[in-house]
Amino acid sequence: MKRKIISQAAKKAKPALTGPAMTGLTAVKLAAAILAAVMYTVFAGAAAFAGENVPYQTYNYDYWRDVYYTPAAYIPDVSYTGRDLGAGNLLNPQDVFVAEDNRVYIADTGNNRILRLKPDMTLDIIIDSFLNNDTADTFKMPSGIYVTGKNEIYIADTDNRRIVALSEDGALIKIISNPKSEVLEDDFDFRPAKVAVDYADRVYAIVKDKIQGIMCFDEAGNFTGFSGTINVSINTYEKFWRRFSTKAQRESSAQFIPTEFTGLDIAPDGFIYATNVDTDANQSIRRLNPKGEDVIKKDNSNVSQKGQLSGDFYYRQGTEYAGPSRIQDIVYRGDGIYSVIDTVRGRIFTYDHEGNLLYIFGGMGTQKGTFKLPAAIEAKDDKILVLDSLRAELMTFVATRYGDLINRAVALRYDGDEASAVALWEQVLELDANFELAYVGIGKSYLAAGENKKAMKYLKLGMDREYYSIAFKRYRDDILKKNLGYVLTAVSLAVIAVIVRKIVKRLKRRGDEYDE
Amino acid sequence: MNTMSRKEKLLYIFYVITHPFDGFYEIRHRNRGSLPVAMLMILLFGLSFSMNRRYASFVVNSINPMYVDSRQEVIGIFVAVLLFSAANWSITCLMGGEGRFRDILTVMGYSLLPMVLTFLPATLLSQFIASDEEGIYFLIVGISIVYSALLMLVGIMVVHNYSFGKTLITIVLTFAALIIIIFIIMLLSSLVQQVYYFLDSVYTELVLRA
């Protein structure tokens with residue numbers, strides 16, 4: 001394609017060059033124009049294969065848990081520094097939130113202020129103080145922010161040891177501080193790091209050094225309990241050695257304490273999506289129901305039969321970019337899709353409601369669209385926003401056709417409309433013939449339509465044992481049903497033949513006896 | 001002494017797997033076993049093992065066909081059987097075993113027959129079952145593996161004229177010997193490599209000085 005255009009340009013240029021009125025200057029100009037045209041076609045071609053000029057690789061894991069590279073699902077869009085926004089440089093910003101009306105809130109932690117951007121990403125207002133009992137009050141290291149559907153702003157004012165709720169115009173609604181309960185120690189230091197609010201104005205907070213779980217408060221701000229407590233797991237090997245170690249040894253060895261939560265988000269149905277650190281790389285993502293139990297779905301349909309929700313399955317050991325993914329924050333993007341950000345390798349992992357990995361992209365670096373220390377992730381329309389605390393930048397990523405097709409197909413499947421998803425899945429396969437979820441999607445809709453043989457083909461390509469088996473059984477039953485008549489006829493004819501032969505033989509023998 | 005025809009030699013394996021005690025006894029004391037047939041069995045087992053890994057349906061198979069290398073696997077099976085036989089021979093020599101090396105090798109080869117007979121049909125069957133029927137497949141494969149293991153146990157017991165307990169002890173020791181053999185081979189290869197690199201560097205030095 002590229003070559004064709006270039007040769008056409010050269011052909012067109014040729015008669016002009018040999019023309020009599022040709023001067024040296026125009027020849028140079030023309031040569032430059034041809035060069036520009038060639039360059040343009042080359043670069044336009046590169047842009048068509050989205051991913052070639054992206055500073056990171058997009059990949060996924062297949063059924064065998066092998067890495068395979070896919071077209072780019074999201075590519076870097078605009079990045080905003082504080083200066084770009086006209087608010088001076090940000091300092092160690094820790095959280096970003098996109099409200100329902102698409103306004104963006106940034107917790108500029110080091111500068112003790114909150115930035116509000118209009119939906120078109122221009123600066124709206126800066127909140128750095130509010131009136132508390134008619135006196136001006138300020139923030140100290142506000143590191144978490146959440147905005148409800150009524151545009152009430154909840155700020156985790158970490159070093160002031162409180163959660164502040166402000167109305168849209170900046171008036172104080174309430175302050176949650178110093179929670180009292182018999183389950184909390186008397187000298188408990190309440191330092192909320194992240195905050196979220198559900199549809200009934202219940203407040204959920206991740207509190208620093210509080211390992212019992214996410215703290216829950218009712219709409220009046222009273223502490224009601226912990227949600228999503230992570231149990232400590234000791235394996236048999238450790239139990240064995242602890243049995244044989246002395247008390248002094250046991251005290252000096254590492255303690256088994258539950259991991260801390262790192263980030264949270266709330267889905268419209270009130271379920272909490274939370275992330276935690278997991279050094280075993282098993283589960284870093286939790287979906288908590290109103291009772292505080294983890295109800296997330298994991299994808300077991302891989303060769304290890306084990307569902308892991310913790311970013312990368314493989315990682316090297318060492319110092320740089322090594323070790324299990326450290327999942328820092330989560331965003332629920334609707335239709336069961338959620339994305340998480342990893343601070344070790346700067347990757348964004350996107351899952352669907354069944355725990356299937358949809359696409360993985362992002363990386364560390366200093367180029368546009370790469371991170372130094374990502375702190376928070378959010379979604380706005382079809383864009384993903386990542387706040388980098390070290391670069392003090394808000395980066396946006398926009399979906400490519402590939403990413404957009406997957407998002408839409410998964411959304412249709414989430415709504416149970418597998419049939420309309422097929423057209424989208426087919427387009428996904430044109431871009432990425434290794435995408436197993438697409439094969440499964442197509443296979444399932446063939447299965448629903450009763451085309452068992454086609455369903456078998458696609459479900460096998462998608463490596464889905466369970467649904468392949470369903471399709472295969474139906475196909476096998478069909479064949480048996482169709483041919484059962486012939487089989488039964490043949491069997492009964494054979495039986496009749498044997499009986500007839502026996503009778504004939506017996507009669508013959510009787511005849512022989514008579515003859516004697 | 002041994003006047004079995006080629007056909008008799010081949011059919012004798014089936015007698016062995018149905019009458020292991022008599023069969024293995026006659027291999028040791030009446031020379032009714034055949035080393036070439038045992039080798040053939042090892043080759044056939046290597047092939048059926050590899051075919052099973054490569055072609056069993058994905059419903060029951062958790063091996064990525066992309067990483068199956070049949071040649072490597074057949075050679076691997078040969079090496080494993082030879083190593084185990086050598087280890088067993090070196091142990092039983094010291095523990096009053098009556099079997100010769102060729103008897104041990106014949107026992108190993110002949111005992112593989114149940115697996116040779118079932119792996120290919122099981123592979124074929126796997127194409128016609130759903131995931132909740134995988135029990136049938138694993139039952140067939142499992143039974144043949146257990147049967148082969150029992151045959152090996154009986155074979156080693158009979159050719160060495162051991163009691164059951166002593167057989168188990170020698171098998172444990174065999175694995176220890178196996179590890180020592182592998183260790184010595186690795187040591188030797190590393191030493192040879194060092195000598196080679198030494199000579200190689202001497203050569204390089206001489207060539208570059210000249």
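## Helix α6 of chain A and its surroundings

The buried residues of α6(A) are Y402(A), G403(A), L405(A), I406(A), N407(A), A409(A), V410(A), L412(A) and R413(A). In this predicted model, those buried positions pack against three strands of chain A, namely β3 (74-81), β24 (357-361) and β27 (393-399), and against the helices α7 (418-431) and α8 (436-448) of chain A. Helix α6 of chain A covers residues 401-414, and because 14 residues at 1.5 Å a residue should span 20 Å, the 20 Å between its end C-alpha atoms agrees with expectation. Just after α6(A), G416(A) takes a positive phi of about 85°.

The domain assignment of chain A gives domain 1 (2-48), domain 2 (74-399) and domain 3 (415-516). Taken over C-alpha atoms, the centres of domain 2 and domain 3 of chain A are separated by 51 Å.

Two residues of chain A that are not glycines also have a positive phi, and they are set side by side here.

| Residue | Phi | Loop in chain A | C-beta neighbours within 10 Å |
|---|---|---|---|
| M121(A) | about 65° | between β6 (113-117) and β7 (123-127) | 19 |
| D335(A) | about 55° | between β21 (327-332) and β22 (338-342) | 16 |

A residue counts as buried once 20 or more other C-beta atoms lie within 10 Å of its own; M121(A), with 19 such atoms, is therefore partly exposed, and D335(A), with 16, is likewise partly exposed.

### The nonpolar core

The largest nonpolar core has 148 residues, of which Y105(A), Y154(A), I163(A), A205(A), I214(A) and L264(A) touch the most other members. Helix α7 (residues 134-160) of chain B gives the most to this core, with eight residues, while domain 2 (74-399) and domain 3 (415-516) of chain A each supply at least three residues. For I163(A), leaving aside neighbours within four places in sequence, the contacts are Y154(A), I155(A), A156(A), D157(A), I176(A), P192(A), V195(A), V203(A) and A205(A).

### Chain B and its meeting with chain A

Chain B has eight helices and zero strands, so that its pattern, read along the sequence, is α-α-α-α-α-α-α-α. The C-alpha atoms of chain B fill a box of roughly 70 × 50 × 35 Å along the principal axes, and the radius of gyration of chain B is 21 Å, where a compact globule of 210 residues would have one near 17 Å. Buried residues make up 31% of the 210 residues in chain B. Among the contacts in chain B with a separation of 6 or more, 78% join residues that are 24 or more positions apart.

Within chain B, helix α5 (residues 101-111) is mostly covered, since nine of its 11 residues are buried under the criterion of 20 or more C-beta neighbours within 10 Å. The buried residues of α5(B) are D103(B), I104(B), L105(B), T106(B), V107(B), M108(B), G109(B), Y110(B) and S111(B), and they pack against α1 (6-18), α2 (20-29), α3 (35-55), α4 (70-94), α6 (113-126) and α7 of chain B. Helix α7 of chain B, one of these partners, is also the element that gives the most residues to the largest nonpolar core.

Between the two chains, seven residues of chain B are in contact with 10 residues of chain A. On the side of chain B that touches chain A, three residues are nonpolar, three are polar and one is charged.

Methods: Residues are numbered from 1 along each chain as its sequence is written. Chains are lettered from A and ligands numbered from 1 in the order in which they are written. This is a predicted model: local features need pLDDT of at least 70, side-chain atom pairs count only at pLDDT 80 or more; totals for chains, interfaces and linings use all residues. Helices (H or I, at least four residues) and strands (E, at least two) are DSSP runs, numbered from the N terminus. The radius of gyration is taken over C-alpha atoms; the globule rule is 2.2 Å times the number of residues to the power 0.38. A residue is buried if 20 or more other C-beta atoms lie within 10 Å of its own, exposed if 12 or fewer, and partly exposed in between; C-beta atoms are placed from the backbone. A nonpolar core is a set of buried Ala, Val, Leu, Ile, Met, Phe, Trp, Tyr and Cys residues joined through C-beta atoms within 7 Å. Domain bounds come from an automatic or database domain assignment. The expected span of a helix is 1.5 Å times one less than its number of residues. Ala, Val, Leu, Ile, Met, Phe, Trp, Tyr, Cys and Pro count as nonpolar, Asp, Glu, Lys and Arg as charged, and the others, Gly among them, as polar.
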